[in-house]
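This report covers one helix pair and the salt bridges of a single model. Please look at the sequence and structure first.

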Amino acid sequence: MQQTAIFGPVFATVLLTFLVWVYMYIRRIHFIQTAEVSPADLAVPGALADLSPPDVSNPSDNLKNLFEIPVLFYALALILFVTGRVDPTYVAAGWVFVAFRALHSLVHCTVNIVMLRFYLYLASTVAVWFIAARAALGLLGS
């Protein structure tokens, strides 16, 4: 297997982060323009979050989420690539991670059904912990 195959899920996660970032700004700009919020109202850090309804703040919260567990995934992908251990199981687990993260983002940024979001987040995170445990056992056990 080509070692670069692990970068498919990595760049898909980067794309997801970009899409959420764009969506967040679309929602924010629309809110600021329609609510006629003045720049002075936003001068204090966190003011926009305090003023924003959920359909504006949820994409921002989701973007923050995309800089938590995904960072571990990025690091693990690099470790696997550098050590030449990328195999079909890791790549499949990476795509599982991406799929459930994308679904999590979709739910979080739209309908925000909390328990559904929780299970999608759990599934994506289990995929990362699987990659981490398997990599650690493989690297430390050799």
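The text below takes up a helix contact, then the salt bridges, then one loop residue.

The model is predicted. Helix H1 (residues 7–34) and helix H4 (residues 69–82) have axes that come within 10 Å and cross at roughly 155 degrees. Angles over 145 degrees count as roughly antiparallel, so H1 is roughly antiparallel to H4. The crossing of H1 past H4 is left-handed. On the H1 side the contact is made by Phe7, Pro9, Val10, Thr13, Val14 and Thr17, and on the H4 side by Pro70, Phe73, Tyr74, Ala77, Leu78 and Phe81. By class, this contact has 10 nonpolar and 2 polar residues, with no charged ones.

The structure holds 3 salt bridges, listed here with their closest N to O distances.

| Acidic residue | Basic residue | N to O distance |
|---|---|---|
| Asp55 | Arg27 | 2.2 Å |
| Asp61 | Lys64 | 3.9 Å |
| Asp87 | Arg134 | 2.7 Å |

The salt bridge of Asp55 with Arg27 links distant parts of the chain, with Asp55 in helix H3 (residues 54–65) and Arg27 in helix H1, 28 residues apart. Asp55 counts as partly exposed because its relative accessibility is 37%. Asp61 and Lys64 are both in helix H3, 3 residues apart, or about one turn of the helix. Asp61 is partly exposed at 31% relative accessible area. Arg134 is also partly exposed, at 27%.

Ala40 sits in the loop between H1 and helix H2 (47–51). Its relative accessibility is 62%, so Ala40 counts as exposed. From Ala40 to Val91 the C-alpha to C-alpha distance is 48 Å, with their positions 51 residues apart in sequence.

Terms used. Residues numbered from 1 in each chain as written. Predicted model: local features only at pLDDT ≥ 70, side-chain atom pairs only at ≥ 80, totals over all residues. Heavy atoms only, no water. Axes fitted to C-alpha atoms, helices over the stretch in contact; angles between N-to-C directions. Helix = DSSP H or I, 4+ residues; strand = E, 2+ residues; numbered from the N terminus. Parallel < 35°, antiparallel > 145°, perpendicular 65-115°, else oblique. Left-handed = near helix turned anticlockwise from the far one by under 90°. Contact = heavy atoms within 4.5 Å. Nonpolar A, V, L, I, M, F, W, Y, C, P; charged D, E, K, R; others polar. Buried < 20%, exposed > 50% of the residue type's maximum accessible area, 1.4 Å probe, protein only. Salt bridge = Lys/Arg side-chain N within 4 Å of Asp/Glu carboxyl O.
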